[in-house]
Amino acid sequence: MKLTKILISITVLILLMAGFTFYYFKCNNNYIAAQSALLDTNVTEIKAMLDGNIDKLHIKENDEVKNGEIIAIIDAEEYESRLNNIKTKINTIKKNQKLSKKSIDNIQNINYETINEIKTAKFNLDNANSDYVRYKNAYKDGSVTQKDLENAKKNLELANTKYKYAQIKLRNSNNMLQNISTKESVENKQIQKLTEELKKAQLDLFNTVITAQTNGKIKQVNVLEGSYVKKNQVIAIIIPHDFFVIANFNSNTDKLKINQKAIIITPNNKKIKGIVQDIEGNAVKIKLTDKIDNILNSKEQVEVKIKI
């Protein structure tokens with residue numbers, strides 16, 4: 001009798017162990033696990049793009065914001081002044097260039113007249129020179145008086161003076177045109193440089209308005225209204241509405257499908273539900289479906305299990 005009871009007890013124990021073993025292997029064969037997965041919260045840091053005082057702060061912690069919504073405004077007076085100064089310099093140079101253009105037109109008109117003046121002077125000079133030669137020969141044979149010869153010589157000298165004066169006048173005008181052209185070239189380079197400065201000044205003025213780069217919740221605000229910020233200083237941190245886990249599986253992921261349920265286990269053993277959103281080779285992207293406002297750390301290591 002005792003032997004029978006012992007045999008029954010042993011049999012029951014064996015059956016229980018077999019059942020437990022079967023259940024364990026059955027459960028463990030229903031999912032695949034990744035022991036090295038990272039929580040990717042895509043935390044967005046909102047940074048100042050330039051130095052300045054925070055003129056207006058539009059957000060506080062836990063505010064919901066949308067992409068493009070104004071976060072803060074930096075005092076724009078300095079940047080507006082710089083922009084206006086550059087515009088004034090460009091306009092001044094362009095006004096000077098308009099005046100130079102008028103001067104060029106006037107000088108070119110004068111040059112046209114001067115060229116005609118040179119032609120006339122050269123014609124008169126040639127005639128005066130021929131007259132002088134003729135009078136000089138006539139004086140030798142006594143056909144003209146000395147006074148006639150002297151008058152012919154004076155006419156030649158006067159014609160020569162007028163011709164040289166017209167040439168000098170044209171040369172001076174051309175030098176003026178060359179100087180204006182050189183000045184215009186320098187001014188064009190100045191405008192080119194100022195135009196680049198203008199673009200930067202316009203961008204700086206635009207960047208005085210700091211906006212959200214994504215939808216989400218303001219998790220942290222690092223500045224106060226009226227405080228001074230430096231370029232690249234973090235103004236606020238936005239936590240997105242959607243959290244993801246990027247998991248790399250050593251085992252075959254062929255059995256995984258989009259929208260399969262997943263369990264994420266945090267380092268403090270908190271279980272969070274999720275679904276498979278994307279599969280690329282052995283890398284699986286899982287969207288968390290549970291609300292996890294308390295998770296702050298981006299790239300936190302977690303454990304992932306996916307039912308198959």
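Q: Two strands count as paired if DSSP finds at least two bridges between them. How many bridges join strand 3 to strand 8?
A: There are 2 bridges between strand 3 (residues 52-57) and strand 8, which run antiparallel. The bar is at least two, so this counts as a pair. For one of the bridges, look at Asn53, whose partner in strand 8 is Tyr228.

Q: What kind of model is this, and which residues count for its local features?
A: The model is predicted: local features need pLDDT of at least 70, side-chain atom pairs count only at pLDDT 80 or more, and totals for chains, interfaces and linings use all residues. Numbering starts from 1 along each chain as its sequence is written, and side-chain values use heavy atoms, with hydrogens and water left out.

Q: What makes a stretch a helix or a strand here?
A: Both are DSSP runs numbered from the N terminus: H or I over at least four residues for a helix, E over at least two for a strand. On that basis the protein has 3 helices and 14 strands.

Q: Why are strand 6 and strand 8 called edges?
A: Their sheet is an open one of 4 strands, in the order 6-5-3-8, with antiparallel pairing. Strand 6 and strand 8 (228-229) each have a single partner strand, so one side of each is left without a neighbour in the sheet.

Q: Which strands are at the edges of the sheet with the order 2-9-7-4?
A: This is an open sheet of 4 strands, paired antiparallel. Strand 2 (44-47) and strand 4 (64-65) are its edge strands, since each pairs on one side only.

Q: How do you know that the strands in that order really pair: how many bridges join them?
A: Go along the sheet and count. Strand 2 is joined to strand 9 (residues 234-239) by 4 bridges, with Glu45 opposite Ile237. Another 4 bridges join strand 9 to strand 7, where Gln220 has Ile237 as its bridge partner. Strand 7 (residues 216-221) and strand 4 share 2 bridges, including the one from Val65 to Gly216. Every one of these pairs runs antiparallel.

Q: Why is Val65 called buried?
A: Buried means under 20% relative accessible area, exposed means over 50%, and partly exposed is in between (1.4 Å probe, protein chains only). Val65, in strand 4, has 3%, so it is buried.

Q: What does Val65 touch, leaving aside its neighbours within four places in sequence?
A: With contact taken as heavy atoms within 4.5 Å, the list is Ile59, Ile71, Ala212, Thr214, Asn215, Gly216, Ile218 and Ile238. As for spacing, Val65 and Thr211 are 146 residues apart in sequence and 9.6 Å apart in space, C-alpha to C-alpha.

Q: Asn207, in the loop between helix 3 and strand 6 (209-211): buried or exposed?
A: Buried, because its relative accessible area is 14%. Not counting residues up to four places away in sequence, Asn207 touches Met49 and Leu50.

Q: What makes Asn259 and Asn269 exposed?
A: Asn259 has 53% relative accessibility, so it counts as exposed. Asn269 is exposed because its value is 63%. Asn259 lies in the loop between strand 10 (244-248) and strand 11 (261-265), and Asn269 in the loop between strand 11 and strand 12 (271-280).

Q: What is the phi of each of these two asparagines?
A: For Asn259, phi is positive, about 75°, although it is not a glycine. Asn269 also has a positive phi, near 65°.

Q: Why are helix 2 and helix 3 called roughly antiparallel?
A: Axes are lines fitted to C-alpha atoms, for helices over the stretch in contact, and angles run from 0 to 180 degrees between N-to-C directions. Under 35 degrees is roughly parallel, over 145 roughly antiparallel, 65 to 115 roughly perpendicular, and the rest oblique. Helix 2 (residues 77-140) and helix 3 (residues 146-206) pack at about 165°, with axes 6 Å apart. The two are therefore roughly antiparallel.

Q: Which residue classes make up the contact of helix 2 with helix 3?
A: It has 32 nonpolar, 19 polar and 18 charged residues. Nonpolar covers Ala, Val, Leu, Ile, Met, Phe, Trp, Tyr, Cys and Pro; charged covers Asp, Glu, Lys and Arg; the others, Gly among them, are polar.
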